[in-house]
Every structure is written in structure tokens, then in C-alpha cells.
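Got the viewer open? Load the model, switch to cartoon, and keep the selection box handy while we walk through it.

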Amino acid sequence: TQAGDVQLFLASFQELPPSGRAGGAFRLEFHGPLQPVLQQGTYWFHVGRRKVGIFIVPLGALGQAFRYEAIFF
């Protein structure tokens, strides 16, 4: 974001029916702060020492967290 980095945490992983995708199909749900809310789009995530672009979709607030999902199909 323009304000800097926003920390999102992997909250859940769900396998999806086979799609023919190498590595299988799955859904990730991330939780982050209530503000700022990230818009739908591709963001860079630090995975270990690598940076990976992941397309996320905002789902809405849940308690004190804002939820996002990424689907790999």
C-alpha cells in the first residue's frame, strides 16, 4: 500500500477439487487489520526469503480482522 507494508496472516487452507493445475487446486484465507482495507488485486507476499505475487479478494470483516482469499485453480 502507499502507507507501507500490511501484515496478513494465513488463517486457513482448503483443498479444492482437482483442476489439472500443477500443484493442485486450493484456497487460502488470510486475516489482516481492519484498516487499511486492501482492494482486490495482486500484492507481493514474503514467503520465506522469496517474494510471491498473489491475487487476493477482500471478503469482509470478522471480529477484529479483515478477511481476504486467494484461489489457485
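Which residues does Phe26 touch, not counting residues up to four places away in sequence? Select Phe26 and show its surroundings: the partners are Phe13, Gln14, Glu15, Leu16, Arg21, Ala70, Ile71 and Phe72, where contact means heavy atoms within 4.5 Å.

A word on ground rules before moving on. This is a predicted model, in which local features need pLDDT of at least 70 and side-chain atom pairs count only at pLDDT 80 or more, while totals for chains, interfaces and linings use all residues. Residues are numbered from 1 along each chain as its sequence is written, and side-chain values use heavy atoms, with hydrogens and water left out.

**Zoom out**

Colour by secondary structure and you get zero helices and five strands, so the pattern along the sequence reads β-β-β-β-β (both element types are DSSP runs numbered from the N terminus: helices are H or I with at least four residues, strands are E with at least two). The C-alpha trace spans about 40 × 30 × 20 Å along its principal axes. Of the 73 residues, 26% count as buried; that means under 20% relative accessible area, with exposed over 50% and partly exposed in between (1.4 Å probe, protein chains only). Among contacts with a separation of 6 or more, 46% come from residues 24 or more positions apart.

**Select 26–32**

This is strand 2, and six of its seven residues are buried. Now add residues 9–15, which are strand 1: six bridges join strand 1 to strand 2, and the two run antiparallel. (Two strands pair if DSSP finds at least two bridges between them.) To see one bridge, pick Ser12, whose partner in strand 2 is Glu29.

Next add residues 65–72 for strand 5, joined to strand 2 by seven bridges, again antiparallel. Here, Leu28 has Ala70 as its bridge partner.

**Back to Phe26, then Arg27**

Phe26 sits in strand 2 and counts as buried because its relative accessibility is 16%. Draw a C-alpha to C-alpha distance to Leu8 and you should get 18 Å, for a sequence gap of 18 residues.

Is Arg27 buried or exposed? Arg27, also in strand 2, counts as buried because its relative accessibility is 14%. Show its side chain together with Glu69: a polar contact of 2.6 Å joins the two side chains. (A polar contact is a pair of N or O atoms within 3.5 Å; within protein, one must be able to donate a hydrogen and the other to accept it, and residues adjacent in sequence count only if both atoms are side-chain atoms.) Leaving out residues up to four places away in sequence, Arg27 touches Ser12, Phe13, Gln14, Leu16, Leu59, Glu69, Ala70 and Ile71.

**A loop stop**

Jump to Pro36, in the loop between strand 2 and strand 3. A cis peptide bond joins Gln35 and Pro36, with omega about -5°.

**Last stop: select 6, 8, 44, 45 and 46**

Val6, Leu8, Trp44, Phe45 and His46 lie nearest the centre of the largest pocket, which is lined by 14 residues. Strand 1 and strand 3 (41–47) are the elements that give two or more residues to this lining, and strand 3 gives the most, with four.

Methods: 1 Å grid on protein atoms, 1.4 Å probe; cavity = no way out; pocket = protein on both sides within 12 Å on 5 of 7 lines; lining within 4 Å.
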